[in-house]
Amino acid sequence: MGALHYLSNCCIVTSTRTNRKPMQTVEIKVKMDCDGCERKVKNAVNSMKGVKTVEVNRKQNRVTVSGYIDPNKVLKSVKSTGKMAIFWPYVPYDLVSYPYVAQAYDKKAPPGFVKNVRQANADEHTITYLFSDDNPNACSIM
């Protein structure tokens, strides 16, 4: 068994590609006014190495990029076109516990979306713990 184990270790082929990025989807908010702006942004992102798909939604000012990419490099590539770009700051309305918190509600948000802020995603457990008998600093009214 020792010789067979030794030979199997000698025949292992190691891959030279160890730094491959994981498959990711990056969403970016970009102000686009016309077809030319849309084409300019799409071409800038498509020219990047590792990009698989690019979807542009001009109505929502949203660019969705999928592939083996670094999100910061995608953002930098979009900014190089001269457009103002930020990572997509919105989450679907259904995923938020308190969508009408002052910081979450945004008139500029696309329909069905609110801003992703911490107060809107408050955990129910932390709120109920305030009135728990196990909490020594709990509300004394109860």
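How many bridges pair S1 and S4, and in which sense? S1 and S4 are joined by three bridges, in the antiparallel sense. The model is predicted. Its chain has four helices and six strands, arranged along the sequence as α-β-α-β-β-α-β-β-β-α.

**Whole chain**
- Of the 142 residues in the chain, 30% are buried.
- The exposed area of the chain is about 10600 Å², and carbon and sulfur atoms supply 53% of it.
- Counting contacts between residues at least 6 apart in sequence, 54% join residues at least 24 apart.

**Four-stranded sheet**
- Four strands form an open sheet in the order S2-S3-S1-S4, and the pairing is antiparallel.
- S2 and strand S4 (85-87) are the edge strands, each pairing on one side only.
- From one strand to the next, the twist averages 25°.
- Between S1 and S4, Lys29 has Ile86 of S4 as its bridge partner.
- S1 and S3 are antiparallel and share six bridges; Glu27 stands opposite Thr64 in S3.
- S2 and S3 also run antiparallel, joined by six bridges, and Thr53 stands opposite Ser66 in S3.
- The S2 and S3 pair is a hairpin with four residues between the strands, and Asn61 in its turn has a positive phi of about 55°.

**Burial of S3**
- Six of the six residues of S3 are buried, so this strand is largely enclosed by the rest of the structure.
- In a regular strand, side chains alternate between the two faces of the sheet.
- On one side of S3, the buried residues are Arg62, Thr64 and Ser66.
- On the other side of S3, Val63, Val65 and Gly67 are buried, and both faces of the strand are thus covered.

**Helices against the sheet**
- H2 packs on the sheet and touches S1, S2 and S3.
- The direction of H2 makes about 165° with that of S2.
- H3 lies across S1, S3 and S4, and runs at about 160° to S4.

**Nonpolar core**
- The largest nonpolar core has 17 residues, of which Ile28, Val30, Val51, Val63, Val65 and Val78 touch the most other members.
- At least two residues of this core come from each of strand S1 (24-30), helix H2 (35-46), strand S2 (51-57), strand S3 (62-67) and helix H3 (71-79).
- In soluble globular proteins, nonpolar side chains tend to be buried together.
- With residues up to four places away in sequence not counted, Val51 touches Val45, Asn46, Val65, Ser66 and Ile69.

**Ser77**
- Ser77 is found in helix H3.
- Its relative accessible area is 13%, so Ser77 counts as buried, the cut-off being under 20%.
- The side chain of Ser77 reaches the backbone oxygen of Ala44 at 3.2 Å.
- Apart from neighbours within four places in sequence, Ser77 is in contact with Ala44, Val45 and Met48.
- Val45 therefore appears in two contact lists, because it lies within 4.5 Å, by heavy atoms, of both Val51 and Ser77.

Methods: Residues are numbered from 1 along each chain as its sequence is written. This is a predicted model: local features need pLDDT of at least 70, side-chain atom pairs count only at pLDDT 80 or more; totals for chains, interfaces and linings use all residues. Side-chain values use heavy atoms; hydrogens and water are left out. Buried means under 20% relative accessible area, exposed over 50%, partly exposed in between (1.4 Å probe, protein chains only). Accessible areas come from the Shrake-Rupley method with a 1.4 Å probe; for residues, only the protein chains shown count as cover. A nonpolar core is a set of buried Ala, Val, Leu, Ile, Met, Phe, Trp, Tyr and Cys residues joined through side-chain atoms within 4.5 Å. A polar contact is a pair of N or O atoms within 3.5 Å; within protein, one must be able to donate a hydrogen and the other to accept it, and residues adjacent in sequence count only if both atoms are side-chain atoms. Two strands pair if DSSP finds at least two bridges between them. Axes are lines fitted to C-alpha atoms, for helices over the stretch in contact, and angles run from 0 to 180 degrees between N-to-C directions.
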